[in-house]
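Q: Please take a close look with me at one part of this model and then show how it fits into the rest. I am in my first year, so explain the terms as you go.

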Amino acid sequence: MSLVTALVRSAFLVNAVYADSSRAYGLTPQQGKLLCVLIPQPLGMTELGELLGLAKSSLTGLVDRTMQRGLVRREPDPRDGRAVRVGLTDEGAVLAREFHDETCRRVEALPAGLGGPEREQLTALLTHVVLANKVPEAFLGPENGL
């Protein structure tokens, strides 16, 4: 298998796990991503759009739909009275943590056939690729205390 094929197919694999985990929690994959990026702190709409790779209109719809479920709330931005931030509600915080932890467990199981040194090597190589390409921190894992 070529490097390109392996990377693309691994992206499909992770996306499928993420979608399955989202369905198990009654979320769309986009709602799951939104909840996960909000775990550390509320974020402004511009920051959210950049992290999630969404245009303003798509992000507004996603936030509105997730608000209707009672999982997120809009709040004034203390630094800019014209702007709002999006944060988790209490219910959203509980669901976000459960969803995040379950998704991490499912993704962690993907390389189950690799031994310790192989897992460490895979981690180092993927970390290098992610950092070299300045991938936004849209998903923080257990290593970040989440």
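A: Let's begin with a word we will need a lot: two residues are in contact when heavy atoms of theirs lie within 4.5 Å. This is a predicted model, where local features need pLDDT of at least 70 and side-chain atom pairs count only at pLDDT 80 or more, while totals for chains, interfaces and linings use all residues. Residues are numbered from 1 along each chain as its sequence is written, and side-chain values use heavy atoms, with hydrogens and water left out.

Our starting point is S21. Setting aside residues up to four places away in sequence, S21 touches F99, E102, T103 and R106. S21 itself sits in helix α1. Helices (H or I, at least four residues) and strands (E, at least two) are DSSP runs, numbered from the N terminus. Is S21 buried or exposed? S21 counts as buried, because its relative accessibility is 0%. The cut-offs are under 20% relative accessible area for buried and over 50% for exposed, with partly exposed in between (1.4 Å probe, protein chains only).

Now look along the helix that holds S21. V17, Y18, A19, S21 and S22 are buried in α1, and the cover over the buried residues of this helix includes α2 and α5. As a general point, an α-helix has 3.6 residues a turn, so residues three or four places apart point the same way. You can also check the length of α1. The expected span of a helix is 1.5 Å times one less than its number of residues. With its 22 residues, α1 should therefore span 32 Å, and its end C-alpha atoms are indeed 32 Å apart. After α1 comes G26, which has a positive phi, near 70°.

F99, one of the residues that S21 touches, leads us to some rings. Rings of Phe, Tyr and Trp (its six-membered ring) pair if their centres lie within 6.5 Å; planes under 30 degrees apart are stacked, over 60 edge-to-face, and the rest tilted. By that rule there are 2 aromatic pairs. One of them joins Y18 and F99 edge-to-face, with 5.4 Å from centre to centre and 90° between the planes. This pair bridges distant parts of the chain, since Y18 is in helix α1 (residues 3–24) and F99 in helix α5 (residues 90–108), 81 residues apart. Y18 and F99 are both buried. Y25 and F99 also pair edge-to-face, at 6.0 Å centre to centre and 80° between the planes. Here, too, distant parts of the chain meet: Y25 is in the loop between α1 and α2 (29–38), and F99 in helix α5, 74 residues away.

Why is F99 called buried while Y25 is called partly exposed? F99 is buried because its relative accessible area is 0%, whereas Y25 is partly exposed because its relative accessibility is 23%. Together, ring pairs tie Y18, Y25 and F99 into a cluster. Y18 has a further partner, because K33 lies over the face of its ring, 5.8 Å from the ring centre. For a charge to sit over a ring, NZ of Lys or CZ of Arg must be within 6 Å of the ring centre and within 35 degrees of the ring normal.

Finally, let's step back. A nonpolar core is a set of buried Ala, Val, Leu, Ile, Met, Phe, Trp, Tyr and Cys residues joined through side-chain atoms within 4.5 Å. The largest one here has 21 residues, and L34, L35, L38, L48, L52, V72 and L88 have the most contacts inside it. At least two residues come from each of α2, α3 (45–52), α4 (56–68), β3 (80–88) and α5. The biggest giver is α2, with 5 residues. As an example, L38 is in contact with L43, L48, V72, V86, G87 and L88, leaving aside neighbours within four places in sequence.

For the whole chain, there are 6 helices and 3 strands, in the order α-α-β-α-α-β-β-α-α. Of its 146 residues, 29% count as buried. Residues 24 or more positions apart make up 54% of the contacts with a separation of 6 or more.
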